[in-house]
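Below is a short note for a colleague who has not yet seen this structure. Please read it with the model open.

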Amino acid sequence: MLHHLSKQRFTLNKAANLDSIKLFIKDLKDVASIVPSKLDDTDVKLSLQIHSLEKSWKISSKSISKEYKFETFKQAFVFMNTVSHMADQMNHYPKWINVYNKLNVEITTQDVSGISIKDVLLAHIMESAYKDVNESNVESIGELCKVSAPQLLQNWNANYSQYQEILKKNVHNL
């Protein structure tokens, strides 16, 4: 699930912002102890871009949002069950409304009255869970996705490393 960023060109002024959004995580439970800061518009866009979320998530002044569509209600429920399990470990929860196979999600960080890196991490988790649910044969609403927290975090951390390598190449190409 490592996202490919090499086709995109990033500008040098965005490199300075990377330190404010770079967050390497070993365990979802560690997220609860992170004191988040509010991301500015540039940092929100860059964070979503690094994790290949910029095209599927809508940005407002205080939150990011998305509508998910599933084939069945069971799939939607398994998705919510999986995400709620991981969100509980993070102590960071989405606002969502489910109607049959549609799920509207809004993520914000109340402590900063806006968007923090925790919101982007939760969006990253949701995208992985969504892909897993769509590739699975859901038989019971009590199931969890097969996606694992350690693998999700490994991909999350790898996205930053890959982004830094692309920045280095772009600097050398100037």
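The points below go from the sheet to the helices, then to the aromatic rings and the loops.

1. Status of the model. This is a predicted model. The residue numbers used here start from 1 and follow the sequence as written.

2. The sheet as a whole. Four strands make up an open sheet, in the order S1-S2-S4-S3, with antiparallel pairing. The edge positions belong to S1 and S3; each has a single partner strand, so one side of each has no neighbour in the sheet. In general, strands of a sheet pair through backbone hydrogen bonds, either parallel or antiparallel.

3. S1 and S2. These two strands run antiparallel and are joined by two bridges. The connection between S1 and S2 is a hairpin of four residues. Ile 59 has Ile 64 of S2 as its bridge partner.

4. S2 and S4. This antiparallel pairing extends over six bridges. Several positions can be checked in the model: Ile 64 is opposite Ile 107 in S4, Ser 65 has Glu 106 of S4 as its bridge partner, and Glu 67 is opposite Asn 104 in S4. Ile 64 therefore appears twice in these points, as the bridge partner of Ile 59 and opposite Ile 107.

5. S3 and S4. Strand S3 (residues 95–99) pairs with S4 in the antiparallel sense, over five bridges. Ile 97 has Asn 104 in S4 as its bridge partner. The hairpin of S3 and S4 has two residues between the strands, and Tyr 100 in this hairpin takes a positive phi near 50 degrees.

6. The two faces of the strands. In a regular strand the side chains alternate between the two faces of the sheet. S2 shows this alternation: Ile 64, Lys 66 and Tyr 68 point to one face and are buried, while Ser 65, Glu 67 and Lys 69 point to the other and are not buried. In S4, Leu 103, Val 105 and Ile 107 make up a covered face, and Lys 102, Asn 104 and Glu 106 an uncovered one. Note that Lys 66, a lysine, is among the buried residues of S2.

7. The helices. H4 lies across S2, S3 and S4 and runs at about 10 degrees to S2. The axes of helix H3 (residues 73–90) and H4 come within 10 Å and cross at roughly 145 degrees. This crossing of H3 and H4 is right-handed. Residues in the contact include Val 78, Phe 79, Val 83 and Met 86 of H3, together with Leu 121, Leu 122, Ile 125 and Tyr 130 of H4.

8. Aromatic pairs. How many aromatic pairs does the model contain? The count is eight. One of them is the pair of Trp 57 and Tyr 68, which is edge-to-face, with 6.2 Å centre to centre and 75 degrees between the planes. The pair links distant parts of the chain: Trp 57 is in the loop between H2 and S1, Tyr 68 is in strand S2 (residues 64–69), and they are 11 residues apart. Trp 57 is buried, at a relative accessible area of 4%, and Tyr 68 is buried too, at 0%.

9. Tyr 68 and Tyr 130. Why is this pair classed as tilted? The ring centres of Tyr 68 and Tyr 130 are 4.8 Å apart and the planes are at 45 degrees, so the pair counts as tilted. Tyr 68 in strand S2 and Tyr 130 in helix H4 are 62 residues apart, and the pair links distant parts of the chain.

10. The cluster around these rings. Trp 57, Tyr 68, Phe 70, Phe 79 and Tyr 130 form one aromatic cluster. Phe 79 and Tyr 130 also take part in the contact of H3 and H4. The charged end of Lys 66 sits over the ring of Tyr 130, 5.8 Å from its centre.

11. Two serines with positive phi. Ser 52 has a phi near 55 degrees, positive although the residue is not glycine. Ser 52 lies in the loop between helix H2 (41–50) and strand S1 (58–59) and is partly exposed, with a relative accessible area of 31%. Ser 113 has a positive phi of about 50 degrees and is not a glycine either. Its place is the loop between strand S4 (102–107) and helix H4 (117–135). Ser 113 is partly exposed, with a relative accessible area of 41%.

Definitions and conventions:
Predicted model: local features only at pLDDT ≥ 70, side-chain atom pairs only at ≥ 80, totals over all residues. Heavy atoms only, no water. Buried < 20%, exposed > 50% of the residue type's maximum accessible area, 1.4 Å probe, protein only. Phe/Tyr/Trp six-rings, centres within 6.5 Å; stacked < 30°, edge-to-face > 60°. Lys NZ or Arg CZ within 6 Å of the ring centre and 35° of its normal. Pairing = 2+ DSSP bridges. Axes fitted to C-alpha atoms, helices over the stretch in contact; angles between N-to-C directions. Left-handed = near helix turned anticlockwise from the far one by under 90°. Contact = heavy atoms within 4.5 Å.
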